[in-house]
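User: I would like to learn how to read the features of a model like this one, step by step. Could you take me through it, giving the general idea before each case?

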Amino acid sequence: MADRTTVLAIALAALLVGSAIGAGLAGVFDGTPTASAEREEPESDRTPLDGSDAPELSTFESDEAFAAYFQNDRSGAYIMGGSTNTSGGADDAAVETDAAEAADDGGGANGADGDAAAARSSSGDEAAGDRRHSETNVQEAALDEPDVLKTDGESVYYANVRYVSRWDETSVVDVRDPANPETVGSIPISGQLLLANDTLVVLGHDQVAGYDVSDPANPEELWRKTLDARIETARLYDGDLYLVLVDRPGSNPCPIEPLEGEPIDCTDIVRPNAPSDADVVYTAMRVEPASGDVESEESVVGSQRHAATYVSENAIYLSYTRSTPEYDLMQSYLASGDAADLFDRETRDRLRTLDELDISHRAKTVELREILDDWFQGMDDDERRDARQRLDEGLKSYVEENHRNLTRTGIVRIDITADNLTADGSGEVPGYPLNQFSMDEHDDHVRIATTIPGSHGVDSENDVYVLDSNMEVVGEVTGLGVDERIYSVRFEGDEGYVVTFREIDPFYTLNLSDPTNPTVDGELKLPGFSEYLHPLEEDLVLGVGQEERQPKLSLFDVTDPADPIERDSVILDDEHYSDVSRTHTAFLQDEEHGVFFVPGSEHSYVFSYEGGELEEVARVDVGGHGTRAMYVDDYLYVFGESEVVVLDETTWEEVERLEL
C-alpha cells in the first residue's frame with residue numbers, strides 16, 4: 001500500500017504545470033504520430049506548444065456562446081499559480097498577502113517613464129497661484145491616479161477608507177493657511193478620489209459619485225451611480241475620467257452592466273480567438289467627470305490572476321493568461337514521440353479512449369491519474385522504478401524544451417486617442433507580469449517584465465520583452481534571477497531596473513536604448529528585497545521593501561549601470577512592511593527639501609537623501625498607520641487614522657495636530 005501511494009504521488013507530481021498546447025494522443029499510442037488537424041476535436045480546443053503569434057481578437061457570436069465560454073470547467077485545470085511560488089522562506093507568505101492587498105488599493109509599486117520622474121512627485125506650481133503643493137505619486141506624469149488623499153493647494157480631501165467601516169465619509173480640510181489647517185466639512189461617501197478641477201470623483205466600494213467642490217465647505221452631489229463590478233483602476237487624463245471595471249459573469253450574464261445605466265451586449269465583448277484562462281470581463285470607460293456620462297466603452301475578456309493593467313497617454317493595456325491544463329501537458333509530452341514506447345497496449349488503448357471522450361479537463365485529469373496508477377501497479381519493483389525514472393526524466397526534458405510556452409500572457413491594447421475606445425491590437429509574451437508597473441510604453445514600444453514559473457524540476461526565470469507598435473516582440477532579455485520571481489520593476493526612458501528574490505535581492509540594471517537588442521548592464525546582490533523602486537535623482541534609485549520581515553530602505557547608485565552599488569540602507573524600527581509595498585501612492589518625495597516620506601506599520605518617517613546618504617529627519621506618530629502625506633509650501637502634512645499632523649519643513653518641528 002505504501003508503494004502504491006508513493007508511486008501515485010510521484011505520478012501526480014509529474015503532471016503539475018501551466019500553459020497552452022496541442023497535438024493528439026491517438027496516433028502516438030498506435031505508434032504513428034497524428035496531426036492536430038486530423039483529430040475530431042475542434043482546433044480551437046488547443047493551441048500549439050510552439051510560441052506562435054498572439055491570437056487574433058474576435059467577438060462572441062451570441063449570448064449563448066458568451067455564457068458557455070464562462071461556464072467551461074477551468075477551475076482546477078490550471079496549476080500555474082501552484083508552481084510559481086519560488087521565493088521560499090517565511091517572508092514569501094507575507095509578501096503574497098501584501099501583494100493581494102496592494103491590488104485592492106489599486107496599486108502596487110513601480111514603473112514610470114523617462115523624464116516624468118520629477119513630475120510624479122514634485123509640486124504643482126501652476127495651481128493655486130504660486131502656492132507649492134504636492135501631487136499624487138503616479139506611474140505616468142500626465143495621468144492622475146486615484147488615491148485617498150487629494151489636494152489643489154487650498155483644500156484637501158481625505159477618505160480614510162482603511163478605518164471607516166462603511167466607507168461613508170470624506171473629510172474636507174482648508175489649508176489656505178498651511179500652518180493652521182481647519183476641517184470645514186465632509187462628503188457622505190468615501191473611497192478612492194480623483195480631483196478634476198471643481199469636481200471630486202469618489203470611487204466607492206459599490207458606487208461612483210461626482211461632487212461639485214467649487215465651494216469646498218459645501219460640496220454638492222452632481223451624480224451617483226451604482227457599481228455591479230470591481231474597480232480595477234482609474235485615470236484622469238486631459239479632462240476625462242477613465243475607468244477599468246472588472247465583472248465576473250454570473251449564471252445569466254447577458255447583457256453585463258458593470259455600471260448603472262450602461263448595459264453592454266455580450267456580442268460586443270472582445271475575446272482572443274484561442275483558449276485562455278479568462279474568467280472575468282474588463283470594461284474600459286471614458287466618463288465625463290462633471291456629469292458621469294459615459295462617452296465610450298470597450299469590453300475585453302481577461303484573467304483575474306497573474307494579470308496586469310497599464311495605462312499610458314495613448315492606450316489602456318489589459319492582459320489575460322493562457323496556461324496549459326495538466327492533462328494537456330502530459331498529452332502533449334506523450335504526443336511528442338519521446339514517450340511513445342513507455343506504455344503497454346492496454347494502457348495505450350485506455351489513454352486513446354480517454355483522449356477521445358467529450359468531458360472536461362478536470363475529469364480527464366482524474367481519469368489519467370487512475371490510468372497511470374494502474375499502469376505502475378502492474379509492474380514489479382524494478383520495472384516500476386525504471387518506468388518512473390523514464391517518465392520523470394522525459395517529462396522534465398520536455399518541459400525544459402518548452403518552458404517559455406507553458407505560461408503566456410496575452411496583452412490587448414485599447415486605443416484612447418480617438419473618439420471611441422477601441423481594442424485595436426494584441427500581443428503575447430511568455431510568463432506572467434507582477435502588476436501594472438510591469439508594463440511601460442516608450443517611443444512607440446511596450447516593455448513588459450514577466451516571471452516564467454518553475455515546474456517539474458525546471459527553475460523559474462524572469463524575462464523582459466519589448467513589443468513594437470504592432471504588438472510584436474522585437475527584443476528580449478531572458479534568464480534573470482533563475483529560481484526566483486520578480487518583486488519590483490521600474491522603467492525609466494532607456495533604462496530599466498528589475499528586482500528578483502528568493503533568498504537575496506538581485507538588483508538588475510537594463511539598457512533599453514535599442515528596442516531590438518535590450519541588454520543587462522549590471523547586477524547587485526543584497527539581502528532582502530525591494531518592492532518599490534523610485535528614482536530620487538538622476539543616478540540615485542530608492543528601493544522600499546523588506547529584510548527579515550522589517551521594512552527596508554536601500555539607496556542604489558546607478559551612475560555606472562554596469563556596476564550598481566548600494567550607497568546606504570536603513571532598517572526601519574517597525575514590523576512587517578511599509579504601505580508603499582502595497583501601493584506607490586503612499587510614497588511622497590519633496591525634491592525642494594531633498595526628502596521623502598514613507599509610512600511604516602507603527603510610525604511614519606521622513607528621510608533626507610542628500611549626499612547619497614539616508615538620514616531620518618522626522619518621525620511622526622498619528623495613532624497608528626500614517627497612511628498618506630502631502631505638502632503645501634514648506635509644511636508637510638501626515639494623515640493618520642483620525643488626525644493630521646503638520647510639520648514645518650524648515651525646522652521639522654510639529655506645528656499643528658488636527659482631528660478629522
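**Reading sheets, strands, helices and cores**

Analyst: Let us begin with a sheet, bearing in mind that this is a predicted model. Strands β31, β32, β33 and β34 form an open sheet in the order β31-β32-β33-β34, with antiparallel pairing. Its edge strands are β31 (588-590) and β34 (615-620), each of which pairs on one side only, and the twist from one strand to the next averages 20°.

User: How many bridges join strand β33 to β34, and which residue stands opposite Ser604?

Analyst: Strand β33 (residues 604-608) is joined to β34 by five bridges, the two strands running antiparallel, and the residue opposite Ser604 is Val620 in β34.

User: Which strands stand at the edges of the sheet β35-β36-β37-β38?

Analyst: This is an open sheet of four strands in the order β35-β36-β37-β38, again written with antiparallel pairing. The edges are taken by β35 (628-632) and β38 (653-659), and because each has a single partner strand, one side of each is left without a neighbour in the sheet. Neighbouring strands here are turned against each other by 20° on average, direction ignored. Inside the sheet, strand β36 (residues 635-639) and strand β37 (residues 643-648) run antiparallel and are joined by five bridges, with Phe639 opposite Val644 in β37.

User: How should I read the side chains along a strand, and which way do those of β6 point?

Analyst: The general idea is that in a regular strand the side chains alternate between the two faces of the sheet. In strand β6 (residues 192-196), Gln192, Leu194 and Ala196 point one way while Leu193 and Leu195 point the other way, and all are buried. The strand is accordingly described as mostly covered, with five of its five residues buried. β6 pairs with strand β7 (residues 199-203) in the antiparallel sense over five bridges, and Leu193 stands opposite Val202 in β7. The hairpin of β6 and β7 has two residues between the strands, and Asn197 in that hairpin takes a positive phi near 55°.

User: Is Thr151 buried or exposed, and what does its side chain reach?

Analyst: Burial is judged from relative accessibility, with a cut-off of under 20% for a buried residue. Thr151, which lies in strand β2 (residues 149-151), has 15% relative accessibility and therefore counts as buried. Its side chain reaches the backbone nitrogen of Gly153 at 3.0 Å and the backbone oxygen of Ser155 at 2.8 Å. Not counting residues up to four places away in sequence, Thr151 touches His133, Ser134, Val156, Val175, Leu195 and Met630; one of these, Leu195, belongs to the buried residues of β6 described above.

User: How is the packing of two helices read, and at what angle do α8 and α9 pack?

Analyst: Two packed helices are described by the angle between their axes and the distance between the axes. Helix α8 (residues 361-377) and helix α9 (residues 381-401) pack at an angle of about 140°, with their axes 9 Å apart, which means that α8 is oblique to α9. At this contact, Trp375, Phe376 and Gln377 in α8 meet Arg384, Ala387, Arg388 and Leu391 in α9.

User: How many residues of helix α6 are buried, and what follows the helix?

Analyst: Helix α6 (residues 326-335) is mostly covered, since 10 of its 10 residues are buried. The buried residues include nonpolar ones such as Leu329, Met330 and Leu334, but also Glu326, Asp328 and Gln331. The helix is followed by Gly337, whose phi is positive, near 100°.

User: Which residues have the most contacts inside the largest nonpolar core?

Analyst: That core has 20 residues, and those with the most contacts inside it are Tyr242, Tyr282, Val300, Ile316, Leu318, Ile414 and Leu421. The elements giving two or more residues to the core are β11 (240-247), β13 (280-287), β16 (315-323) and β17 (407-415). Leaving aside its neighbours within four places in sequence, Ile316 is in contact with residues including Tyr242, Val244, Ala284, Val412 and Ile414. Another core, of 19 residues, lies apart from this one, and among its members are Tyr327, Ala339, Leu391 and Tyr398.

User: What does the whole chain look like in numbers?

Analyst: The protein chain has nine helices and 38 strands, and 59% of its 660 residues count as buried. Among contacts between residues at least 6 apart in sequence, 58% join residues at least 24 apart.

Key:
Residues numbered from 1 in each chain as written. Predicted model: local features only at pLDDT ≥ 70, side-chain atom pairs only at ≥ 80, totals over all residues. Heavy atoms only, no water. Pairing = 2+ DSSP bridges. Axes fitted to C-alpha atoms, helices over the stretch in contact; angles between N-to-C directions. Buried < 20%, exposed > 50% of the residue type's maximum accessible area, 1.4 Å probe, protein only. Polar contact = N/O pair within 3.5 Å; in protein donor to acceptor, adjacent residues only side chain to side chain. Contact = heavy atoms within 4.5 Å. Core = buried A, V, L, I, M, F, W, Y, C linked by side-chain atoms within 4.5 Å. Parallel < 35°, antiparallel > 145°, perpendicular 65-115°, else oblique.
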